Amino acid sequence: GILLQSMAPMTAFAVDPQPDAAHGEILARRWCVRCHVISSSQKSAVSIGAPSFAAIANRPDENPKWISNFLQAPHPPMPDPQLSRSDINDLIAYIRSQRD
């Protein structure tokens, strides 16, 4: 009884939620849109030279780990929005949704 009750909460934390591309889009509109073209409906970005999300998603070497590492250690002039792991996964899901 007591042992099983104490183990039950741990199993609830073992399951990672699915990435939420819609939440990733909200994050992109908040943090990324000033420098990156984040969707095909956006005409341009403020910063010249920052790759579009479609260009990032279509890179031959693109993978979630590569994007995650970049977002965890951004390079200037990219801001550091201090995203949670869940936020990063959501943003990656949104970036990957922009593939051609």
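## A50 and its contacts

Two residues are in contact when heavy atoms lie within 4.5 Å. The model is predicted. By that contact rule, and leaving aside neighbours within four places in sequence, A50 is in contact with C35 and H36.

A50 lies in the loop between α2 and α3. Its relative accessibility is 25%, and A50 counts as partly exposed. A50 and M78 are 28 residues apart along the chain. Their C-alpha atoms are separated by 9.3 Å.

## The largest pocket

The largest pocket holds about 430 Å³ of space. Its lining has 22 residues. Those nearest the centre are H36, F53, F70, L71 and M78. H36 is thus named twice here: beside the pocket centre's nearest residues and as a contact of A50. M78, from the C-alpha pair with A50, is also among the residues nearest the centre.

Four helices give two or more residues each to the lining: α2 (21–31), α3 (53–57), α4 (64–72) and α5 (85–96). The largest share comes from α4, with four residues. By residue type, the lining divides into 19 nonpolar, two polar and one charged.

## Cysteines

How many disulfides does the model have? The count is zero. A disulfide is a covalent bond between the sulfur atoms of two cysteines. The cut-off for a pair of cysteine sulfur atoms is 2.5 Å. For C32, the nearest cysteine sulfur is that of C35, 8.8 Å away. C32 is in no disulfide, because a pair must lie within 2.5 Å. C35 is likewise in no disulfide, and its nearest cysteine sulfur is that of C32.

Buried or exposed: which word fits C32? C32 counts as buried, at 12% relative accessibility. The cut-off for buried is under 20%. C35 is partly exposed, with a relative accessible area of 30%. C35 is also one of the contacts of A50.

## R85 and Q72

R85 has its place in helix α5. R85 is exposed, with a relative accessible area of 69%. The cut-off for exposed is over 50%.

R85 and Q72 are 13 residues apart in sequence. From C-alpha to C-alpha, R85 and Q72 are 8.9 Å apart in space. Helix α5 spans 85–96 and helix α4 spans 64–72, and both give two or more residues to the lining of the largest pocket.

Conventions:
Residues numbered from 1 in each chain as written. Predicted model: local features only at pLDDT ≥ 70, side-chain atom pairs only at ≥ 80, totals over all residues. Heavy atoms only, no water. Buried < 20%, exposed > 50% of the residue type's maximum accessible area, 1.4 Å probe, protein only. 1 Å grid on protein atoms, 1.4 Å probe; cavity = no way out; pocket = protein on both sides within 12 Å on 5 of 7 lines; lining within 4 Å. Points joined across faces, edges and corners; volume = space filled by probe spheres on them. Nonpolar A, V, L, I, M, F, W, Y, C, P; charged D, E, K, R; others polar.
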